[in-house]
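Here are some short exercises to work through with the model open beside you. Try each task before you read its solution.

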Amino acid sequence: MDLQSLRINGDRLIQRIEDLAAIGPYESTGSCRLALTDEDREGRDLVVTWMKDLGLEISIDGIGNVIATRPGNIDGPPTLTGSHIDTVATGGRYDGNLGVLAGIELIETLIENEIDTQHPVGVGFFTDEEGARFPPDMLGSLVYVGGLSLEEALEIEAIDGAILGEELTRIGYRGPAPCPAIPPRAFIELHIEQGPLLEDEGKTIGVVTGVQGISWTEYVVKGQSNHAGTTPMHLRHDAGYVAARIATEAREVATRMGGRQVATVGRMNLHPDLVNVVAREARLTVDLRNTDETLLVEAENQIKECVNSLEESEGVTIESRSLARFEPVVFDQQVIEIVSETASDLGLSATHMPSGAGHDAQMLARVCPTGMIFVPSKDGISHNPNEHTDREDLVAGANVLLQSVLALDAAELQGTQQ
Ligand code: HGY
Ligand code: MN
Ligand code: MN
């Protein structure tokens with residue numbers, strides 16, 4: 001068979017996306033499967049069943065990463081694809097899920113066409129990519145590549161107080177495979193763009209050049225609760241006001257710096273959270289990102305300056321805790337070229353672009369030649385139940401993944417290899 005004419009089964013891919021989306025449904029089209037919850041377990045069980053039905057060899061490691069492998073003609077590390085199936089609480093049905101299910105689909109396509117590969121081919125899902133319940137994000141793939149010890153990861157506390165290792169045991173996904181893993185020979189991840197660029201440019205495929213740096217910080221502001229009516233303004237130590245100033249400064253830092261600098265305050269809680277009490281305590285998170293590490297550090301410093309001056313002026317104490325800090329990552333040039341050539345061979349419009357969102361690929365890039373493929377997000381929406389990608393774009397992305405995996409299988413890879 002002419003391998004270049006091989007295509008995935010679009011109906012089967014879409015059906016699996018719908019079947020997985022039905023687990024932990026959120027509003028009419030979204031999903032809520034926060035890491036290591038019962039919904040995550042249910043989603044894992046369904047995907048593992050699909051992997052087993054294909055006769056793949058399943059490996060579950062100590063942090064719950066699941067890797068399913070089809071043997072190649074020669075033994076050795078696989079050409080690996082995959083992503084994540086945990087979601088944020090108000091997630092869509094494509095973020096992460098597409099990359100895992102397209103990986104299963106490409107393997108099923110190889111099996112039913114009786115096509116053998118030189119090297120093993122694997123598809124996996126990594127634990128807690130979102131980091132929304134247990135920070136940092138990309139936690140499972142970070143442990144997989146040795147960026148965080150398994151022991152430390154198992155002790156991480158969730159925003160709801162649960163302990164990661166206990167939850168992993170509770171859902172039955174604390175596996176025997178060692179962390180860090182033996183690196184794959186290459187890793188390639190299909191993912192929705194989650195931004196507006198492909199749609200704005202009218203392009204179908206994003207040839208991803210790298211991932212921007214990420215800085216997550218939690219601030220705990222401690223002031224003094226007091227009566228809202230009787231306390232003169234100059235005598236207040238108002239944690240609510242200070243939190244609002246930090247949030248405003250985060251937005252203003254991004255505005256002043258421009259370029260690719262972004263800043264988000266996604267969590268903010270006041271205590272005692274009552275209409276007539278000056279807040280004694282405020283907890284908030286600041287998410288800063290930039291493709292340039294120097295600029296990301298500059299943004300962090302500007303927030304730090306604001307925090308220090310507020311401690312002084314408002315007579316409060318402000319504790320900060322880093323929840324995630326990853327420098328920008330550049331993907332492997334050979335993998336980038338394979339994705340670009342594959343898209344062009346398939347007659348698909350494509351553009352090179354960095355990723356604004358974090359991905360497991362940014363961790364795998366530490367240990368093997370790695371790249372990503374993007375498909376468009378309608379209106380650039382994601383982390384939102386209305387996240388949407390047109391069927392033809394989903395199928396196009398999955399075919400670029402299939403053909404890229406075949407090209408990687410045949411290639412002499414120059415990048416970092418174990
Ligand atoms: O935060 C991120 O960029 C990813 O969705 N975990
Ligand atoms: Mn994702
Ligand atoms: Mn996400």
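**Exercise 1. The ligand and its surroundings**

Find which side chains place an N or O atom close to ligand 1, and at what distances.

Step 1. Start with Asp137: an N or O atom of its side chain is 3.0 Å from an oxygen atom of ligand 1. A polar contact here is a pair of N or O atoms within 3.5 Å; within protein, one must be able to donate a hydrogen and the other to accept it, and residues adjacent in sequence count only if both atoms are side-chain atoms.

Step 2. Move on to His383, where an N or O atom of the side chain is 3.3 Å from an oxygen atom of ligand 1. For Glu129 the partner is a nitrogen atom of ligand 1, at 3.1 Å from a side-chain N or O atom.

Step 3. Taken alone, ligand 1 exposes 210 Å², and the protein buries 95% of that. Such accessible areas come from the Shrake-Rupley method with a 1.4 Å probe; for residues, only the protein chains shown count as cover.

Step 4. List the neighbours, meaning residues with a heavy atom within 4 Å. Around ligand 1 these are Glu129, Glu130, Asp137, Trp216, Arg289, Ala357, Gly358 and His383. This shell divides into four charged, two polar and two nonpolar residues. In this scheme, Asp, Glu, Lys and Arg are charged; Ala, Val, Leu, Ile, Met, Phe, Trp, Tyr, Cys and Pro are nonpolar; and the others, Gly among them, are polar.

A word on the model before you go on: it is predicted, so local features need pLDDT of at least 70 and side-chain atom pairs count only at pLDDT 80 or more, while totals for chains, interfaces and linings use all residues. Residues are numbered from 1 along each chain as its sequence is written, chains are lettered from A and ligands numbered from 1 in the order in which they are written, and side-chain values use heavy atoms, with hydrogens and water left out.

**Exercise 2. Two manganese ions**

Work out which residue bridges the manganese ions, ligand 2 and ligand 3.

Step 1. Write down the donors of ligand 3: Asp95 (OD), Glu130 (OE), Glu130 (OE) and His383 (NE2), at 2.2 to 2.5 Å. Donors are N, O and S atoms within 2.8 Å of the metal (3.2 Å for Na, K and Ca); water is not among the atoms, so sites may look incomplete.

Step 2. Do the same for ligand 2, which is coordinated by His84 (NE2), Asp95 (OD) and His191 (NE2), at 2.1 to 2.3 Å.

Step 3. Compare the lists: Asp95 coordinates both ions, which are 3.5 Å apart.

Step 4. Trace the donors along the chain. For ligand 2 the spacing is H-x10-D-x95-H, and for ligand 3 it is D-x34-E-x252-H. Glu130 sits in the loop between strand S6 (121-125) and helix H4 (139-144), and His383 in the loop between strand S18 (370-375) and helix H12 (391-410), so this pair ties together parts that are 253 residues apart in sequence. Helices (H or I, at least four residues) and strands (E, at least two) are DSSP runs numbered from the N terminus.

**Exercise 3. Buried or exposed?**

Sort the donors His84, Asp95, Glu130 and His383 by relative accessible area.

Step 1. Set the cut-offs: buried is under 20%, exposed is over 50%, and partly exposed lies in between (1.4 Å probe, protein chains only).

Step 2. Apply them. His84 is buried at 0%, Asp95 is buried at 5% and Glu130 is buried at 8%. His383, at 39%, is partly exposed.

Step 3. Put this beside the whole chain, where 57% of the 418 residues count as buried.

**Exercise 4. Unusual backbone spots**

Locate the two residues Glu114 and Met138, and say whether each is buried or exposed.

Step 1. Glu114 has a positive phi of about 50° although it is not a glycine. Glu114 lies in the loop between H3 and S6 and is exposed at 71%.

Step 2. Met138 also has a positive phi, about 55°, and is not a glycine. Met138 belongs to the loop between S6 and H4 and is buried at 0%.

Step 3. Finish with the cis peptide bonds. One joins Cys179 and Pro180, with omega about -5°; another runs from His271 to Pro272, with omega near 10°.
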